[in-house]
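Student: I'm new to this one. Can we go through it together, with you explaining how each label is earned?

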Amino acid sequence: MEEKSQKYIPALRYDWLTAVYDPILRLTLREFEFKNTLVKAAQVQLGHRVLDLGCGTATLTLLIKQAQPNAEVVGIDGDEKVLTLARQKVSQSGMVVALDHGMVYNLPYPDNSFDHVFSSLLFHHLSRENKLRAIGEVFRVLRPGGQLHVADWGKVENPLMRALFLLVQLLDGFSTTADNVNGLLPSFFSQVGFEDVVLVRQYMTVFGTLCLYNGRRPVQG
Ligand SMILES: C[S@@+](CC[C@H](N)C(=O)[O-])C[C@H]1O[C@@H](n2cnc3c(N)ncnc32)[C@H](O)[C@@H]1O
């Protein structure tokens, strides 16, 4: 299907920028603050299986493992170049997490195989069709009662935030980011079947409004 093969958008759109992704994120967004907030809210328990969707350089993947060393943590990303950086970071950390190569709208995992799925700054890289496919895949691989934790660009609160978000749109594309800035992500989660979809927190950043969302796969149905 045409939409499925949309142009792949790497972490900062251009491959040559991938090497500076971590310092840029650290300088421009309160990266550790928002990622740690997402991790703390999730309360991952001992023995849980956790997936980090579009893990990039594995910063969030490692924060999850650090918070709950007895969880089994897996990151997946579609870009081998960013995974090379991620593997270096994982090896330097001394922690054990698995890193897989794959597309988020076609996950290589069995049904009901994770307790939590995290995703940070991924969904604005996907066309609407691929967002919905990816959310459907997350629903499939989560066990009933399992939780989704997302950090991504959301509805802007004022004209300044809207103007700042133009920078993200110029970098990552107008069509893939439009649903984010129009505040549609939570409705996509509900449409696929997630319940208790809530906005946990918002951050005003130099690039626009960053939103943290939670949702749960119903225990039944
Ligand atoms: C902006 S980066 C975010 C990385 C990381 N989650 C973070 O918060 O720093 C988006 C990541 O999504 C990955 N990505 C984009 N489209 C993807 C797809 N269809 N399947 C898998 N990964 C994808 C990119 O390679 C990139 O590493």
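Tutor: Here come some labels and the values behind them. Keep in mind that this is a predicted model.

Student: Fine. What makes Leu-121 buried?

Tutor: Buried means under 20% relative accessible area. Leu-121 has 9%, so it counts as buried. Leu-121 sits in the loop between strand 4 and helix 5 (128-141).

Student: And which residues touch the most other members of the largest nonpolar core?

Tutor: Phe-34, Ile-64, Leu-99, Phe-118 and Leu-121 do, in a core of 34 residues. Among the elements giving two or more residues to this core are helix 1 (21-28), helix 2 (31-42), helix 3 (59-67) and helix 4 (80-93). Apart from it there is another core, of 26 residues, including Leu-53 and Phe-139. In soluble globular proteins, nonpolar side chains tend to be buried together.

Student: What is Ile-64 in contact with, leaving aside neighbours within four places in sequence?

Tutor: Val-39, Val-44, Val-50, Val-73 and Phe-118. To count as contact, heavy atoms must be within 4.5 Å.

Student: Why is helix 3 called mostly covered?

Tutor: Seven of its nine residues are buried. Ile-64 is one of them, and Thr-59 and Lys-65 are on the list too. The buried residues of helix 3 pack against several elements, including helix 1, helix 2 and strand 1 (49-53).

Student: How do you know that Arg-87 is partly exposed?

Tutor: Partly exposed is the range between the buried limit, under 20%, and the exposed one, over 50%. Arg-87 comes in at 37%, so partly exposed is the right label. Arg-87 belongs to helix 4, and leaving aside neighbours within four places in sequence, Arg-87 is in contact with Glu-80 and Leu-99. A polar atom of the Arg-87 side chain lies 3.4 Å from the backbone oxygen of Leu-99.

Student: What is unusual about phi at Leu-121 and Asn-112?

Tutor: Most residues other than glycine have a negative phi. Leu-121 has a positive value, near 60°, and Asn-112 has a positive phi of about 55°. Asn-112 is in the loop between strand 3 (98-101) and strand 4. At 41% relative accessibility, Asn-112 is partly exposed.

Student: What makes Asp-111 and Arg-140 a salt bridge?

Tutor: The nitrogen of Lys or Arg has to be within 4 Å of a carboxyl oxygen of Asp or Glu. Here the closest N and O atoms are 2.8 Å apart, and the pair counts as a salt bridge. Asp-111 in the loop between strand 3 and strand 4 is thereby linked with Arg-140 in helix 5, 29 residues apart.

Student: Which other side chain meets Arg-140 in a salt bridge?

Tutor: Glu-137 does, again at 2.8 Å, N to O. Arg-140 and Glu-137 are three residues apart in helix 5, so about one helical turn separates them. Glu-137 has 12% relative accessibility, so it is buried, while Arg-140, at 23%, counts as partly exposed.

Student: How many salt bridges does a search of the whole structure find?

Tutor: Eleven. Another one joins Arg-30 and Glu-33, with the closest N and O atoms 3.5 Å apart. That is also within the 4 Å limit.

Student: Last one: which residues form the nonpolar patch on the surface?

Tutor: Leu-166, Leu-167, Leu-170 and Phe-174, with about 390 Å² of accessible area together. Helix 6 gives the largest share, three residues. Leu-167 has 47% relative accessibility, so it falls in the partly exposed class.

How values were computed
Residues numbered from 1 in each chain as written. Predicted model: local features only at pLDDT ≥ 70, side-chain atom pairs only at ≥ 80, totals over all residues. Heavy atoms only, no water. Core = buried A, V, L, I, M, F, W, Y, C linked by side-chain atoms within 4.5 Å. Buried < 20%, exposed > 50% of the residue type's maximum accessible area, 1.4 Å probe, protein only. Helix = DSSP H or I, 4+ residues; strand = E, 2+ residues; numbered from the N terminus. Polar contact = N/O pair within 3.5 Å; in protein donor to acceptor, adjacent residues only side chain to side chain. Patch = residues over 30% accessible without salt bridge, like charges linked within 9 Å, V, L, I, M, F, W, Y side chains within 5 Å. Areas by Shrake-Rupley, 256 points an atom, 1.4 Å probe, with all protein chains shown as cover. Salt bridge = Lys/Arg side-chain N within 4 Å of Asp/Glu carboxyl O.
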